[in-house]
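Subject: Structure handover

Hello,

Here is the structure I promised to pass on. Please open it first, then read my notes below.

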Amino acid sequence: MHVRRLDRLTDVAIDVFMLAFKAAVIALVVVGSFLTLIGGTYTGADWLELVGAGLTQGSIYAMIALGYTMVYGILRMINFAHGEIFMAGSFGGYFAIVALAGAGMLSDNVIVSLIAILIAILVAMAVSVTLAVGVERIAYRPLRNAPTLVPLISAIGASLFLQYSFRGFFGSGIYAYPTPAFLQQESPIPFLSMRWVDVLVVIASLAMMTVLYLFVMRSKTGTAIRAVSEDKGTAALMGIDANRAIVLTFVIGAAMAGAAGVLYGLAFIQVTFAMGIFPGIKAFTAAVLGGIGNVPGALLGGLFLGLVEAIGPTLFLTGFGVPATNQLKDAVAFTMLVLILVFRPSGLLGERVTRKRA
Amino acid sequence: MSAATFPPPDMIGAAAADPWRLLRLVKIGVAGGAIAIYVCLVGIVPVFAVRPLIIGVLELGQAALLIAFAAIGYVAARDRVKVSRFRAVSGGAIAGAIAGAMLTGLIAFGAVLDLRAMFLNASPVLYDLLNNGLVLKGAYVPIVVGAITGGIAAAILGLSSRVRVPLVVGLSLLVFFGLFAGLLRTPMLVTPLAGLARFLFGSEGLTVAGGTIVFILTVATTVIVRTTKPRRRVAALPPAQRRLVVGPLMLLVLAMVLLFPLALGPFFAQVIAIVALFVLLGLGLNITLGLAGLLDLGFVAFYAVGAYTVALLTSTAEYGIAGWSFWQAVPFGVVFAMLVALFLGLPILRIRGDYLAIATLGFGEIIRILAGSDLLKPWLGGPRGILNIPKPLDVPPTDWLAGPVQIYYIALACAAVVGFVAWRLRGSRLGRSWLAIREDEDVAEGMGVNLVQTKLLAYMLGGAFAGLAGAISVGLVGSIFASSIQLQLSINVAAIVIVGGMGSIPGVVLGALVLIGLPELFREFSDYRLLFYGLALMTIMILRPEGLLPSRVSRRELHTSDEILALPDDQLITDAERREATAP
C-alpha cells in the first residue's frame, strides 16, 4: 500500500511540475513580449523586417523538412544524412551557377538569369537525388529490419561520411554564390522589406510544395507512397512495390533538398561543407512541428519555425534585458521543439506518433 | 548488395557461358573505378603521396589505391573462384583493369579540362602519381597496375585458407604498423631499445628491414595460432586447469592496462586517458540507452554541467567562486548533473523512440548555446572560458603521475566502479525493469513497472556518470570553454554504446577503443578522420547490427534464425537429443 501511495504522489508531483512548466513558459513569452513592446526599442518596420527574414528562412526549412517528413512517414527513421543531401545540392548548384555565370548568363536580363537559376536548381536536384539514392541503397536498405537505433547510427555515419567527403573534394573554405545584382535589390512588396531573392525563395518553395502536394495526394504513384507508409505489408499485397515507393520517397525528398540548397545559396550567399547540420536539425524540428508524415505540415512547420526563430528571441527576451538575443535563436527553436514534443506531440497538423504504431 | 547474390549460387556452374557474367565484371569494375576516382579526388591519394608506409617502397597514397584495386579483384573473384582459379584470376584482373581504365579516363579528362576549378585534389601531383610522371604517355599505368593488383588479390583468394589467412593478416598488419611506426618509435627512442626502434621504424613508416621483420613475425604468429588453436584447447580443459591458464592471462592483461601509459609515453597516455573518459561516458549512457533503451543525444548537457560545476568551484582564475580542491568539487558536479538530468528528464518522460532522441538533442544544443551566450557570460565566461583549474593530484610536473597519466588512472578507477555498479544493477529488480521498458514500454507498464520512477532513475544515473566524466575531463585539460561542449560528443557516446553492443559493458570498452582511440591515434590524418569514422559507423552497423560485443541476449535475438539455418541437420538432432537427455 505504501508503495502505491508513493507512486500516486510522484504522479501528482509530475503533473504539478508539468503544469508549472507550461505556466512558466507561457508567462515568459507573454511577459517578455509585453516588456519588449513597452520598451519600444524596435519600430514596426524592424518587426516587419524580421518577418521577411523569417519567411525566407522558413521556406527553406520547409523544403528540407519535406524530405524528413516523408522518409520518417514511410520508414519510421530519422534520415540524419538529409542535411548533407541539402549541402550537396547547394554545392552542385554552386558549380553549375558559376559555370553559367562564366557563360554570361547572370546578367541584368531577368529572364536569362532566372533560366540560369532554374538550370542550377535542376543540376542541384540531380546531385542530391543521386547521393540520396546511393545512401538509401548502401546505408539504409540493408538495415530495414534492424532495431530502430541501428539505422539511426548508420545515418549519422552516412552524414559524417558525406560531410567530410565534400570537405576532401572542395576543401574547408567558404564558397560565395554568384547572384545577379537585381536579386539583391529591394522588392516593391508593401510593408515587408524583402529583397527580390527572398521573394523568389518564398514563391519557389510554395510552388514546389504545392506541386508535390498534388503529386502525393492525386497521382497513382503518390497514392502508392501513402499506402506504403500506412502499412507496408498490406500495400505489398495490393501489388505495390514497396521498395520502389521507398526509393521514390528518397528521390522526392532529395530533389526538394537540392532545390533548397540553391535557394539557400542565393539568399545567404555562403556555402561550406558543414552547412548541412543545423538546417538539417532545424528542418527536422519543422517536420515535427507540422506533424510528421504530412506535406502541408512540413510547409506550415517550416514557416512557423522560421518566423519564431526570427522574431522570437527579440520579442520574448529583449524585454528581460537579455544581451545579444540573436545568439539564442537556435536555443529558442530547440525549446519550441521540446515544448511541441511535450505538449502537442502530434504537431500542428498531424497524426499522433509518440506511441509507436503496431 | 544484390551484386553478391546475382547470379544465384546454384547457377554458377551452369551459366558459365552466360554473357551476363561478363557484364557483372564490367559492373564491378566500373563501381570499383568510381571508388578509385573517389579515393583520388577526396585527396587521400595525393595528400598522402609522400607519407611512407614502408620507406622507399610504398607510400600511403599508392597503398590506398592498391587496396582499392585489391578489393575490386576480391569482389570480382568471389563467385568465380568456386568454378576455377584461372577464372578467378582472369576475373580479378579484368575488373581491376576496367577500374584502372577509369582512372586513365580521369587523367585524360584532367588533361583537357581544368578539373581543379572544382576538385581541389585534381592536381598535377595526383596525375603524376597515377601515370608515373609520363603525362598522357603513361596513361596505361593505372590499367596495368589495376589488372595486376586485381589478379593478385583474386589469386590470393584462390589459395587454400592455410596460406591465405596468414598472408592477408600479415599484409594488413604491415599496413597497420606502417601507419603507426612513427608513434611507436617516439616512446622507444628514450629507452635502451632506441637502436632497435631506429632499425625497424622511420619517423614515418617502417624501414624495409622493419617491414620484412613485421611481415615475417605476423605471418609466423598467425600460422602458429592457427595450427595450435590455443583457444579451443583452453576451452577443452577441465574447469580447474582452465582457471590456471585464464587467471594469469587476466592478470597479465590487467598489468598491461595499468602500465600502458607509463610504458608508451605522454602521447599515448593522453590518448588512453581520453579513451578512459569516453569509457566512463559510455558506461553512463549504457544505463540510459543500453539498459533502459532511452536514446539520449543530448548527453553532452550533463557532461557540461559536471564540467562547469567543477570548473566554477575550483578555478583560481576569473569566474572561479570557491577555490576548492578538485576532490571537494567533484561530488557537487555529479549531484548537480544528476539534478539537471531529473529536471530535463521530467518533461520528456512520455516521449518515445526517435522523438526522444531529437528532444534530448534539443536539450543538449540549448545547454551548449547557453554556455556560449552573452547571457551567461558574466558567470561562465562564454567563449573565453574558465581557466586555471587545478589538477586532481597536486604533484610536481616531473613526477610520474603528472599530466594525463593521473587522469587515466582516475578515469579508469571511476569506470571500474561505474562498470561494477552497472553490472550489479543489470540483474537487479531495477535493471530488469529497465530491460523490460527497453523491449516494450506498454507491456512493462502492464506488468507493474513504474515507468516514471524507472525512467527517471535511468536518466539520473546516466546523467550523474556523465557529470563525473565532465568533472574529470576538466581536471585533464585544466580549462573549459564554451566550444568544448559539442554535439559531436553526444553522437560519439551514443555511437560507442550502439557499436559496442547495447547494454554490454565489454562492448562499451571496445567501442571506445575503436571509435575514440583509433581516431585519436590518426591525428596526423586530421581531415580524413571523421570521414573514416562515418564509414566505420556505417560498415559496423551493416555487418554487425547487434554491435561488436553484444550481450548474449541481444545476439540471440538478432541471430536465432541464422544459427538454426547454419547448423547441419545432424547437429540439430543431437542438440535436441542432448536437451532431452538432460531434462529431469
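Along its sequence, chain A runs α-α-α-α-α-β-α-α-α-α-β-α-α-α. That comes to twelve helices and two strands. Please keep in mind that this is a predicted model.

How confident is the predictor in chain A? Its mean pLDDT is 83. A pLDDT of 70 or more is reached by 96% of its residues. The exception to flag is residues 352-358 of chain A, where the pLDDT is below 50. In the model, that stretch has twelve contacts beyond near neighbours in sequence. Please read those contacts with the low pLDDT in mind.

**Overall form of chain A**

The C-alpha atoms of chain A fill a box of roughly 80 × 60 × 40 Å along the principal axes. Chain A has a radius of gyration of 22 Å. For 358 residues, a compact globule would come out near 21 Å, so the value for chain A agrees with that. Buried residues make up 52% of the chain. Take the contacts in chain A with a separation of 6 or more: 77% of them join residues 24 or more positions apart.

**Chain B in brief**

Chain B has 25 helices and two strands. Of its 584 residues, 46% count as buried. Among its contacts between residues at least 6 apart in sequence, 74% join residues at least 24 apart.

**Where the chains meet**

How many residues does each chain bring to the contact? Chain A brings 51 and chain B brings 48. On the side of chain A that touches chain B, four helices give two or more residues each: H1 (2-39), H5 (149-170), H10 (277-290) and H12 (329-343). H5(A) gives the most, with 17 residues. By type, this side of chain A divides into 35 nonpolar, eleven polar and five charged residues.

**The largest nonpolar core**

The largest nonpolar core holds 295 residues. Which of them touch the most other members? They are Ala259(A), Ala276(B), Leu280(B) and Ala411(B). Helix H12 of chain B (residues 239-291) supplies the largest share of this core, 18 residues.

Look at Ala276(B) on its own too. Neighbours within four places in sequence aside, Ala276(B) is in contact with Tyr408(B), Ala411(B), Leu412(B) and Ala415(B). Ala411(B) thus appears twice in these notes: among the core members with the most touches, and as a contact of Ala276(B).

**Two buried sites in chain B**

Start with Ile98(B), in helix H5 of chain B (residues 85-112). Is Ile98(B) buried or exposed? It is buried, because 24 other C-beta atoms lie within 10 Å, and 20 are enough to count as buried. Setting aside neighbours within four places in sequence, its contacts are Val26(B), Gly29(B), Val30(B) and Gly33(B). Val30(B) is 68 residues away from Ile98(B) along the chain, yet their C-alpha atoms are separated by 6.5 Å.

Next is Gly381(B). It sits in the loop between helix H16 (377-380) and helix H17 (404-427) of chain B. Gly381(B) counts as buried because it has 24 C-beta neighbours inside 10 Å. Beyond four places in sequence, Gly381(B) is in contact with Glu318(B), Tyr319(B) and Ile386(B). Glu318(B) is 63 residues from Gly381(B) in sequence, and 8.4 Å from it in space, C-alpha to C-alpha.

**Two positive phi values in chain A**

Most residues other than glycine have a negative phi. Two residues in chain A deserve a look on that point.

Arg76(A) has a phi near 55°, a positive value in a residue other than glycine. Where is Arg76(A) found? It is in the loop between helix H2 (44-75) and helix H3 (82-102) of chain A. With 17 C-beta neighbours inside 10 Å, Arg76(A) counts as partly exposed.

Ile269(A) has a phi near 70°, also positive in a residue other than glycine. Ile269(A) lies in the loop between helix H9 (242-268) and strand E2 (270-271) of chain A. Its 15 C-beta neighbours inside 10 Å make Ile269(A) partly exposed.

Those are my notes. Over to you.

Best wishes

How values were computed:
Residues numbered from 1 in each chain as written. Chains lettered and ligands numbered in written order. Predicted model: local features only at pLDDT ≥ 70, side-chain atom pairs only at ≥ 80, totals over all residues. Core = buried A, V, L, I, M, F, W, Y, C linked by C-beta atoms within 7 Å. Buried ≥ 20, exposed ≤ 12 C-beta atoms within 10 Å, placed from the backbone. Contact = placed C-beta atoms within 7 Å. Nonpolar A, V, L, I, M, F, W, Y, C, P; charged D, E, K, R; others polar. Rg over C-alpha atoms; globule rule 2.2 N^0.38 Å. pLDDT = per-residue confidence, 0-100.
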